[in-house]
Amino acid sequence: MSRGVIKKVAGPLVIAEGMRDANMSDVVRVSSQRLIGEIIEIHGDKASIQVYEETSGLGPGEPVESTGVPMSVELGPGLIGSIYDGIQRPLDDIMRVTGGNLLNRGVEVPSLKRGRLWEFEALASVGDKVTGGDILGSVQETEVVSHKIMVPPGIAGTLSALYPGGHTVEDTVAVVTDDKGKEHPVGLMQRWPVRRGRPYRKKLSPDMPLVTGQRVIDTLFPIAKGGVAAVPGPFGSGKTVVQHQLAKWADADIVVYIGCGERGNEMTDVLNEFPELKDPKTGKSLMARTVLIANTSDMPVAAREASIYTGITIAEYFRDMGYSVALMADSTSRWAEALREMSGRLEEMPGEEGYPAYLGSRLAQFYERAGRVISLGSDGREGALSVIGAVSPAGGDTSEPVTQATLRIVKVFWSLDADLAYKRHFPAINWLTSYSLYIDTMEKWFNARVNEDWTNLRAELMKLLQEEAELNEIVQLVGMDALSAPDRLKLEAARSIREDFLHQNAFHETDTYTSLQKQYRMMRLILDYYEKAGEALKSGVPIERLVALPVRENIGRYKYTEEADVERVFAQTEEMLENEIRDELSRKEDF
């Protein structure tokens with residue numbers, strides 16, 4: 001264990017000398033207050049340490065002690081439903097220890113509760129051949145999550161002992177004897193360094209969607225299960241509501257929510273709302289399958305950098321159990337600001353807008369840990385980790401470095417638009433500037449599982465929206481009267497797409513979630529109206545009559561149809577459309 005003394009203090013950066021035996025990324029304890037830090041640079045016997053706590057009052061000559069282990073998280077029963085800070089200290093336990101709402105410096109609290117007994121149910125048997133990733137048993141962590149106890153990566157051999165029953169996270173529940181006769185005790189808990197991705201056997205192609213129930217996302221800009229998406233948007237454009245909706249409705253078993261450098265009141269909203277949100281899948285509180293990491297903007301800046309890695313390591317752990325995990329990072333801009341501040345204090349050469357030159361590679365290292373994988377272990381189970389990162393560009397300027405570096409990595413871009421939010425169109429995802437690069441790989445899935453016509457309808461929808469944007473420019477110049485009747489019909493169909501399909505009320509009991517089958521039928525109704533009205537127009541029916549058809553009201557209200565009535569109401573609306581168009585065609589001689 002290496003010991004040194006402080007030479008210099010610059011905000012969260014501490015330079016210590018006498019650290020020749022320490023290693024890069026080692027966790028250190030700084031001063032007699034034992035503040036937590038991590039070595040980020042070594043020159044000879046001098047180590048640069050980023051301290052994850054407030055450094056005011058520190059001075060040269062105070063002791064620094066290396067623990068000899070890298071920054072790691074504790075993985076085991078007790079993670080679900082917990083609220084941690086950026087370095088996995090449980091905020092409820094810290095509050096109990098300190099007796100107040102403010103974080104005291106140097107508090108040492110274990111991440112997982114040591115006194116709690118968990119009922120371990122064995123699934124393997126003594127004498128079994130096991131390898132890293134194999135499931136030995138399970139613990140019922142919450143009403144909805146069965147926590148699989150796995151052999152840690154790198155251990156293989158014969159299972160020589162198994163102890164079912166009540167255990168704490170520190171107890172040994174199994175012993176694996178390797179080929180050399182060495183015994184490896186396995187507990188309910190394992191530790192893993194946060195900056196190293198957890199291993200898996202094979203990465204799979206992103207060819208199935210993460211269904212979210214949000215129409216603009218699932219239909220126009222879908223994210224793959226195991227995919228990565230960015231949600232950039234200015235203040236007030238609805239980033240947090242979009243992430244709440246995804247946390248609540250996305251087709252994921254576990255949700256990890258990282259509040260990285262967010263305002264305290266926003267994080268308070270999340271902490272208050274998530275326990276209150278009723279999980280539609282189970283009827284229980286959403287917290288029964290959620291891990292929260294709260295790192296507010298008034299917490300030490302260096303801990304922001306750690307919070308992202310802490311969250312994704314916990315997410316990878318549940319992915320390894322065979323679960324589908326959705327990770328929400330809100331927001332990576334604050335994390336990049338922390339990188340910029342530490343880089344400045346290290347006197348590194350600044351890149352664009354003062355961000356370090358390695359901003360892009362750090363973002364890539366984070367996002368590349370997502371994916372749908374075959375986990376380690378002999379049963380070949382499949383797990384998925386989907387990452388949705390919010391970006392908060394200053395003034396909504398998406399040309400700034402963090403947004404641009406993120407866009408080079410992610411394959412889905414949901415561009416939140418302040419103008420749409422101002423018009424009360426939510427989700428305020430701009431359909432002209434957003435994109436998804438997963439569409440081609442997921443075409444087969446949508447066409448096979450929903451309807452063979454899905455891809456064609458989606459393409460038709462996008463075409464109408466793009467043509468509407470071009471026609472609107474003409475309208476602004478010369479007025480609506482200058483447009484031909486087919487162009488006016490095109491604008492009406494596009495308005496129906498915007499108002500009836502893309503606009504979705506997150507707080508409406510029925511409209512908050514739309515199944516893929518219902519989304520398909522909504523597209524079908526709007527495009528059938530456009531197609532049949534277009535034919536009637538060619539046959540001489542005036543545009544005013546087609547725009548005023550009563551069936552349009554029914555098409556608009558279809559989104560409020562209960563899932564159980566979707567088929568019946570769809571058939572009724574289609575029949576109504578046929579009849580009204582037929583009536584107009586029979587009356588065209590009267591015009």
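# A tour from the end of helix α6

Start at the end of α6: the helix is followed by E347, whose phi is positive, near 60 degrees. This is a predicted model. E347 is a residue other than glycine with that positive phi. Its place is the loop between α6 and α7 (359–367). Colour E347 by accessibility: at 66% relative accessibility, E347 counts as exposed.

**Back along α6**

Select residues 332–345, the 14 residues of helix α6. From first C-alpha to last, α6 reaches 20 Å, close to the 20 Å expected at 1.5 Å a residue. Which residues of α6 are buried? They are T332, S333, R334, W335, A336, A338, L339, M342 and S343. Keep the spacing in mind as you look down the axis. An α-helix has 3.6 residues a turn, so residues three or four places apart point the same way.

Step back to S331, in the loop between β22 (324–330) and α6. Show the backbone here. A cis peptide bond joins D330 and S331, with omega about 10 degrees.

**Helix α5**

Select 302–320 for helix α5. At 1.5 Å a residue, its 19 residues should span 27 Å, and the end C-alpha atoms are 28 Å apart, which agrees. Is α5 enclosed or open? Of its 19 residues, 19 are buried, so α5 is largely enclosed by the rest of the structure. After α5 comes G322, with a positive phi near 100 degrees.

**A252 and its contacts**

Centre on A252, in the loop between α3 (239–249) and β20 (254–262). A252 is buried, as its relative accessible area is 3%, under the 20% cut-off. Now display its partners. Neighbours within four places in sequence aside, A252 is in contact with K281, R289, S324, V325 and A326. Draw a distance from A252 to A326: their C-alpha atoms are separated by 5.9 Å, although the two lie 74 residues apart along the chain.

**Two backbone stops**

Go to Q88, in the loop between β8 (83–84) and α1 (91–98). Q88 is a residue other than glycine, yet its phi is positive, near 60 degrees. Q88 is buried, with a relative accessible area of 1%.

Next, select P427, in the loop between α9 (418–422) and β26 (435–436). The peptide bond from F426 to P427 is cis, and omega is near -10 degrees.

**Sheets**

Show strands as ribbons. One open sheet has 4 strands in the order β12-β11-β9-β14, with antiparallel pairing. At its edges stand β12 (146–150) and β14 (165–167), each with a single partner strand, so one side of each has no neighbour in the sheet. From one strand to the next, the twist averages 35 degrees. Zoom in on β9 (residues 118–122): 3 bridges join β9 to β14, and the two run antiparallel. Label F120, which stands opposite G165 in β14.

A second open sheet of 4 strands follows the order β10-β13-β15-β16, also with antiparallel pairing. Its edge strands are β10 (129–130) and β16 (183–187), and each pairs on one side only. Strand β15 (residues 172–177) is joined to β16 by 5 bridges, and these two run antiparallel. Pick V175, whose bridge partner in β16 is P185.

Now move to strand β6 (residues 63–70), which is joined by 3 bridges to strand β1 (residues 3–10) in an antiparallel arrangement. Here V5 has P63 of β6 as its bridge partner. Strand β3 (residues 26–30) also runs antiparallel to β6, with 4 bridges between them. For D26, the bridge partner in β6 is P70.

**A helix pair**

Select α10 (residues 439–449) and α11 (residues 454–478). How do they pack? The angle is about 125 degrees, and the axes are 8 Å apart. That makes α10 oblique to α11. Show side chains for I439, E443, F446 and N447 of α10, and for W454, T455 and R458 of α11, which make the contact. These residues divide into 3 nonpolar, 2 polar and 2 charged.

**Zoom out**

Fit the whole chain in view. The C-alpha atoms fill a box of roughly 95 × 55 × 40 Å along the principal axes. The chain has 16 helices and 26 strands. Of its 591 residues, 57% are buried. Among contacts with a separation of 6 or more, 70% come from residues 24 or more positions apart.

Terms used:
Residues are numbered from 1 along each chain as its sequence is written. This is a predicted model: local features need pLDDT of at least 70, side-chain atom pairs count only at pLDDT 80 or more; totals for chains, interfaces and linings use all residues. Side-chain values use heavy atoms; hydrogens and water are left out. Two strands pair if DSSP finds at least two bridges between them. Axes are lines fitted to C-alpha atoms, for helices over the stretch in contact, and angles run from 0 to 180 degrees between N-to-C directions. Angles under 35 degrees count as roughly parallel, over 145 as roughly antiparallel, 65 to 115 as roughly perpendicular and the rest as oblique. Contact means heavy atoms within 4.5 Å. Ala, Val, Leu, Ile, Met, Phe, Trp, Tyr, Cys and Pro count as nonpolar, Asp, Glu, Lys and Arg as charged, and the others, Gly among them, as polar. The expected span of a helix is 1.5 Å times one less than its number of residues. Buried means under 20% relative accessible area, exposed over 50%, partly exposed in between (1.4 Å probe, protein chains only).
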